[in-house]
Amino acid sequence: MKFLCLAYGDEAGLNRLSASDKDEAFAADAVIRARGDQMAAVRPEVTTVTNWDGNARLTDAPYAEHALPLAGFSLIEAQTLEEVVRLVAKTPCARAEGYIEIRALWETSSD
């Protein structure tokens, strides 16, 4: 099963970690990448598209408000939600006063 993990956090939270805590958090990121799962940080710029009445509109702000900005995402292949939780619980956003939202994905193709 695939899981989308949306990581929310900011640089201030990361900067509050000790050097050894940062090293451990980035090592957790490396474990996810080494498994072959996709992971990326996102840039702060955002474009939101709505097309509720047939006229596409763009805004330069997120549609949903969050306590912290979206910092990155990962797409993780795992057998269970618990496995994903173990993987992401030690990553930078989870450790640096941020949070990670995990969503199971519907299988839509046969890859």
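This is a short talk on helix 2, the salt bridges, residue D37, the aromatic pairs and one unusual backbone angle in a predicted model.

I'll start with helix 2, which covers residues 19-34. The helix has 16 residues, and at 1.5 Å a residue it should span 22 Å. Its end C-alpha atoms are 22 Å apart, so the expected span and the model agree.

Which residues of helix 2 are buried? They are A25, A28, D29 and I32. Looking down the helix axis, you find these buried residues within an arc of 100°, which means they line one face of the helix. What do they pack against? The partners are strand 2, at 38-41, strand 5, helix 3, at 81-88, and helix 4. On the face turned away from that buried side, the exposed residues are A19, D23 and A34. Just after helix 2 comes G36, with a positive phi of about 95°.

Next, charges. Side chains of opposite charge can pair when their charged atoms come close. Searching the whole structure gives 7 salt bridges. I'll go through some of them.

One joins R95 to E24, with 3.4 Å between the closest N and O atoms. R95 belongs to helix 4 and E24 to helix 2, so this pair ties together parts that are 71 residues apart in sequence. Helix 4 is also among the elements that the buried residues of helix 2 pack against. Are the two partners buried or exposed? Neither word fits here: R95 is partly exposed at 27% relative accessibility, and E24 is partly exposed at 46%. The pair also belongs to a network of salt bridges linking D21, E24 and R95.

Another salt bridge is between R103 and E101, at 2.9 Å from N to O. Both ends have some accessible area: R103 is partly exposed at 49%, and E101 is partly exposed at 24%.

The salt bridge I want to spend more time on is the one between D37 and R35, where the closest N and O atoms are 2.7 Å apart. The side chains of D37 and R35 are also joined by a polar contact of 2.7 Å. Where is D37? It sits in the loop between helix 2 and strand 2. With a relative accessibility of 10%, D37 counts as buried, because the cut-off for that class is under 20%. R35, its partner, is partly exposed, with a relative accessible area of 36%.

What else surrounds D37? A polar atom of the D37 side chain lies 3.0 Å from the backbone nitrogen of E77. Leaving aside residues up to four places away in sequence, D37 touches I32, L75, I76 and E77. I32 has come up already, as one of the buried residues of helix 2.

Now the rings. A pair of aromatic rings is described by the distance of the centres and the angle of the planes. In the whole structure the search finds 2 aromatic pairs. One is Y8 with Y99, which is stacked, at 4.9 Å centre to centre and 20° between the planes. This pair links distant parts of the chain: Y8 is in strand 1, residues 2-8, and Y99 is in strand 6, residues 99-104, which puts the two 91 residues apart. Y8 is buried, at 6% relative accessible area, whereas Y99 is partly exposed, at 30%.

The other pair is W52 with Y63. What is its geometry? It is edge-to-face, with 6.2 Å centre to centre and 90° between the planes. W52 lies in the loop between strand 3 and strand 4, and Y63 in the loop between strand 4 and strand 5, so the pair ties together parts that are 11 residues apart in sequence. W52 and Y63 are both exposed.

Last, one backbone angle. Which residue has a positive phi although it is not a glycine? That is E97, at about 65°. E97 is in the loop between helix 4, at 92-95, and strand 6. Its relative accessible area is 54%, so E97 counts as exposed, the cut-off being over 50%.

Methods:
Residues are numbered from 1 along each chain as its sequence is written. This is a predicted model: local features need pLDDT of at least 70, side-chain atom pairs count only at pLDDT 80 or more; totals for chains, interfaces and linings use all residues. Side-chain values use heavy atoms; hydrogens and water are left out. Rings of Phe, Tyr and Trp (its six-membered ring) pair if their centres lie within 6.5 Å; planes under 30 degrees apart count as stacked, over 60 as edge-to-face and the rest as tilted. Helices (H or I, at least four residues) and strands (E, at least two) are DSSP runs, numbered from the N terminus. Buried means under 20% relative accessible area, exposed over 50%, partly exposed in between (1.4 Å probe, protein chains only). The expected span of a helix is 1.5 Å times one less than its number of residues. The arc is that of the directions from the helix axis to the C-beta atoms. Contact means heavy atoms within 4.5 Å. A salt bridge is a side-chain nitrogen of Lys or Arg within 4 Å of a carboxyl oxygen of Asp or Glu. A polar contact is a pair of N or O atoms within 3.5 Å; within protein, one must be able to donate a hydrogen and the other to accept it, and residues adjacent in sequence count only if both atoms are side-chain atoms.
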